[in-house]
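The questions below go through a protein model and the ligand placed in it, beginning with the contacts and ending with the overall fold.

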Amino acid sequence: MTTLLPPRGILLVVSGAAGTGKGTVTANLLKNHEGYAFSVSATTRPPRPGEVDGREYRFITKEAFEKEIREGNVIEYTYYCGNYYGTMKSELSKLDDGKNLILEIEVEGAMNIKRLFPEAVTVFVLPPDYETLRARLVGRGTNTADDIENRMKKALTEFSLIGQYDYAVVNRTGHAEEAAATIAAIVESEKHRVFRTLDDVKRLFPAPED
Ligand code: 5GP
C-alpha cells in the first residue's frame, strides 16, 4: 500500500570554499542528526593526514579517474587546483533507503547537480568574515603559501556565485553544531515542499469527477 509517509530523502549539496569549515559542519550533521549519509567522492589529490581511503574520499590515480569518466560512472566532476574531484553514480543508491545524501562539492559541481536533479537542495556555507577565512586556511597548516593564495582567490570567485544557491548558512568559529542544526532544519522543511508529494497526493486522493 502506498502511503505519504515517510517523506523521501533529500539530495543535499553543501558547498563553500576551503576554509569555510563546511567539512566540520557536514561531519556534525552526520554525527548529531539522524538519517544522513555522505557521498564519498573520488579524487586524484593525495590524502591529508588523518584521511582514510573510502571515508573522506576514494583516492585514485588520474588514469583510474579518467577511466571512470569514460565508463560513465561519474555524475559530475571538476578539475580543482590541479586535481580531479567527482561524484560517483553509485553513491546515489544511498538515497534509496530514505537517507538524506550529503554531496560536499564545489560550485561548478553543485550547479551541475542542480541541473541534473532540480529537486536537490543547495546550501552555501560561509565563514563569518574575510580574516576568519584566511586564518582558517593558514591554520590548517597542510597547504603551501602558493596553495593558500590559490584557494583564497578561488574562494572569492566562489562567493560571487552564491546567488545560484538555495540557502546561505554562516559557520561561526567554534559553532559548527549551530550551522549543522540550521541545515537540518532546512532539510526538514524542504521535505515538506508540496512539489515533493504532489504526485502521491493526486494518486492517493484523486479529485472527484463532479
Ligand atoms: P579538498 O581538496 O579541500 O578536500 O576539496 C577541494 C574542493 O573540491 C572542495 O570545495 C570540495 O567540496 C570539492 N569537491 C570534493 N569532492 C567533489 C566532487 O565530487 N565534485 C566536485 N565538483 N567538487 C568536489
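A polar contact is taken here as a pair of N or O atoms within 3.5 Å. The model is predicted.

Q: Which residue has a polar backbone atom 3.1 Å from an oxygen atom of the ligand?
A: The cut-off for a polar contact is 3.5 Å, and an oxygen atom of the ligand is 3.2 Å from a polar backbone atom of Thr87. The distance of 3.1 Å, again from a ligand oxygen to a polar backbone atom, belongs to Gly86.

Q: How much of the area that the ligand exposes when taken alone does the protein bury?
A: Besides the backbone contacts, a side-chain N or O atom of Arg48 is 3.0 Å from an oxygen atom of the ligand. Taken alone, the ligand exposes 520 Å², and the share of this that the protein buries is 96%.

Q: Which elements give two or more residues to the shell around the ligand?
A: The space that the ligand takes is the largest pocket. Two or more residues of the shell come from each of the elements β5 (74-80) and β6 (83-88).

Q: How many residues of the shell around the ligand are charged?
A: There are 16 residues around the ligand, of which Ser41, Arg45, Tyr57, Tyr85 and Glu106 come nearest. Divided by type, the shell holds 4 nonpolar residues and 5 polar ones, while the number of charged residues is 7.

Q: What radius of gyration does the protein have, given what a compact globule would have?
A: The protein has 7 helices and 9 strands, and its C-alpha atoms fill a box of roughly 70 × 40 × 30 Å along the principal axes. Because a compact globule with 210 residues would have a radius of gyration near 17 Å, the value for the protein agrees with that expectation, at 19 Å.

How values were computed:
Residues are numbered from 1 along each chain as its sequence is written. This is a predicted model: local features need pLDDT of at least 70, side-chain atom pairs count only at pLDDT 80 or more; totals for chains, interfaces and linings use all residues. Side-chain values use heavy atoms; hydrogens and water are left out. A residue is near a molecule or strand if one of its heavy atoms lies within 4 Å of it. A polar contact is a pair of N or O atoms within 3.5 Å; within protein, one must be able to donate a hydrogen and the other to accept it, and residues adjacent in sequence count only if both atoms are side-chain atoms. Accessible areas come from the Shrake-Rupley method with a 1.4 Å probe; for residues, only the protein chains shown count as cover. On a 1 Å grid over the protein atoms alone, a cavity is a set of points where a 1.4 Å probe fits but cannot get out, and a pocket is an open set with protein on both sides within 12 Å along at least five of seven lines; lining residues have an atom within 4 Å of a point. A molecule sits in a cavity or pocket if more than half of its atoms lie within 2 Å of its grid points. Helices (H or I, at least four residues) and strands (E, at least two) are DSSP runs, numbered from the N terminus. Ala, Val, Leu, Ile, Met, Phe, Trp, Tyr, Cys and Pro count as nonpolar, Asp, Glu, Lys and Arg as charged, and the others, Gly among them, as polar. The radius of gyration is taken over C-alpha atoms; the globule rule is 2.2 Å times the number of residues to the power 0.38.
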